[in-house]
Amino acid sequence: MTASTSELTTSDLDAPGLNASESTSPVLTAADLIADPGAHRVLTGDRPTGPLHLGHYFGTLRNRVRLQDQGVEMFVLVADYQVITDRDIADRLAEHTENLVLDYLAAGLDPDRATIFAHSAVPALNQLLLPFLSLVSVAELSRNPTVKDEIAHSSQAAVNGLMFTYPVHQAADILFCKADLVPVGLDQLPHLEVARTVARRFNERYLHADGSAVFPRPRALLSDAPMLLGTDGGKMSKSRGNAVALGADEDETARIIRGAKTDADRRITYDPTARPEVSGLVLLAALCQDRLPEEIAEEIGDGGAAALKRTVIESVNEHFRPLRARRADLAADRGHLRQVLRAGAERANAIADATLAEVREVMGAI
């Protein structure tokens, strides 16, 4: 038996804050994707705000590698400009960017098959933000539920304008390379719907001379990987100090997991609703062992929190030992990480320049 994290699926979902006619994403099944993987282009990425953790690995990184290995064309963005959406300065940006690439490569992304690049290295991508902003109203941006949540968790005393344009910037990320698929979590669907709205409205206003559209309407790829809780029982997050980083060593991993929140019931069961903290630890062990969480809970039984944490520590360290070894080898050559970004930026710039030229032509701006 395996934990249910092995396939990618999509679903018709409505995103709050958009008109009904704009909110339904077409379905793309895993079978459709596998049937013709080379016909698809995926855009995905992360903000370089700190080390990636186990939640990132099971939630996104592992699926990105699967998509790559299936033959899907991958664009992986290091969203360095978006770091300052919810903070005043981009602290240790170069270091975090290199470490993000380090985590990508250690997890299995191959720069020969995936274009890995940074926002700040692709000027034409960011210039697309200007015409795209004219296609979305202030009211639509202000009622975006994802933006509201990010504002609530912002460390800034006042919300800056970049926060409101964040979804449109993400639309530029997706559309500059004409990606048709975007792996997202449920909380990111409103952002994807903004990208779909921008594509549709641009195509309605501006067409090629032959009547063809400029942009595809990207679709969501939803992973069925469950969300891992942090060691404090809340959402696992880089900024909340409740996660095990991919680069953590075995001793640090053990220390963090030993400090994880549990409950007073000695018998270990898997019940995410009634026992979220205990169930989160059980799930982590199950993901690492590629088994069902109910089996893990049954094995531990009356062993209590100590036995549960011991199982999780052993499972995590065993599963991530090869990744951590690759990461240590890659970390010895920081120049290679920078070269990966340079090569990715060169390819991304060629595509972004062509897309911007196409946009200017259909707008009559040349």
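**Exercise 1. Work out whether Cys-177 is buried or exposed, and what can be said about disulfides.**

Solution. Begin with Cys-177, whose relative accessible area is 1%, so this residue is buried. The model in which this value was computed is a predicted one. Continue with Cys-288, which has a relative accessible area of 10% and is therefore buried. Finally, turn to the disulfides, of which the structure holds zero.

**Exercise 2. Describe the salt bridge between Glu-73 and Arg-347, and find which network it belongs to.**

Solution. Start from the contact itself: Glu-73 and Arg-347 form a salt bridge in which the closest N and O atoms are 2.7 Å apart. Next, place the two partners along the chain, where Glu-73 belongs to strand 3 (residues 73-78) and Arg-347 to helix 14 (residues 334-363), so that the pair links distant parts of the chain, 274 residues apart. Then consider accessibility, for which the relevant range runs from 20% to 50%: Glu-73, at 26% relative accessibility, counts as partly exposed, and Arg-347, with a relative accessible area of 35%, is partly exposed. As a last step, look for shared partners, through which salt bridges join Arg-41, Glu-73 and Arg-347 into one network.

**Exercise 3. Determine whether Arg-201 and Glu-140 are buried or exposed, and what their salt bridge ties together.**

Solution. The side chains of Arg-201 and Glu-140 meet in a salt bridge with an N to O distance of 2.8 Å. Because Arg-201 lies in helix 9 (residues 189-205) and Glu-140 in helix 6 (residues 138-142), the pair ties together parts that are 61 residues apart in sequence. To judge the surroundings, take the cut-off of under 20% for a buried residue: Arg-201 has 13% relative accessibility and counts as buried, while Glu-140, at 9% relative accessibility, counts as buried. One other salt bridge is formed by Arg-291 with Glu-299, where the closest N and O atoms are 2.6 Å apart, and Glu-299 is exposed, with a relative accessible area of 56%. The count for the structure comes to 22 salt bridges.

**Exercise 4. Find how far helix 3 reaches and how many of its residues are buried.**

Solution. First take the length: helix 3 (residues 93-107) has 15 residues and reaches 21 Å from its first C-alpha to its last, which is close to the 21 Å expected at 1.5 Å a residue. Then take the accessibility, which shows twelve of the 15 residues buried, so helix 3 is largely enclosed by the rest of the structure. Among the buried residues are His-96, Asp-103, Tyr-104 and Ala-107. Follow the chain onward to Asp-112, which lies in the loop between helix 3 and strand 4 (114-118). Asp-112 is exposed, with a relative accessible area of 75%. The C-alpha atom of Asp-112 is separated by 9.5 Å from that of Ala-343, although these residues are 231 residues apart along the chain.

**Exercise 5. Describe the largest cavity: what is its volume, and which residues lie nearest its centre?**

Solution. A search of the whole structure finds three cavities of 30 Å³ or more, and the largest has a volume of about 170 Å³. Its lining consists of 18 residues, with Leu-229, Gly-230, Thr-231, Leu-281 and Leu-284 nearest the centre. Sorting the lining of the largest cavity by residue class gives eleven nonpolar, five polar and two charged residues. Sorting by element, helix 11 (residues 276-289) gives the most to this lining, with five residues.

How values were computed: Residues numbered from 1 in each chain as written. Predicted model: local features only at pLDDT ≥ 70, side-chain atom pairs only at ≥ 80, totals over all residues. Heavy atoms only, no water. 1 Å grid on protein atoms, 1.4 Å probe; cavity = no way out; pocket = protein on both sides within 12 Å on 5 of 7 lines; lining within 4 Å. Points joined across faces, edges and corners; volume = space filled by probe spheres on them. Helix = DSSP H or I, 4+ residues; strand = E, 2+ residues; numbered from the N terminus. Nonpolar A, V, L, I, M, F, W, Y, C, P; charged D, E, K, R; others polar. Salt bridge = Lys/Arg side-chain N within 4 Å of Asp/Glu carboxyl O. Buried < 20%, exposed > 50% of the residue type's maximum accessible area, 1.4 Å probe, protein only. Disulfide = S-S within 2.5 Å. Expected span 1.5 Å × (residues − 1).
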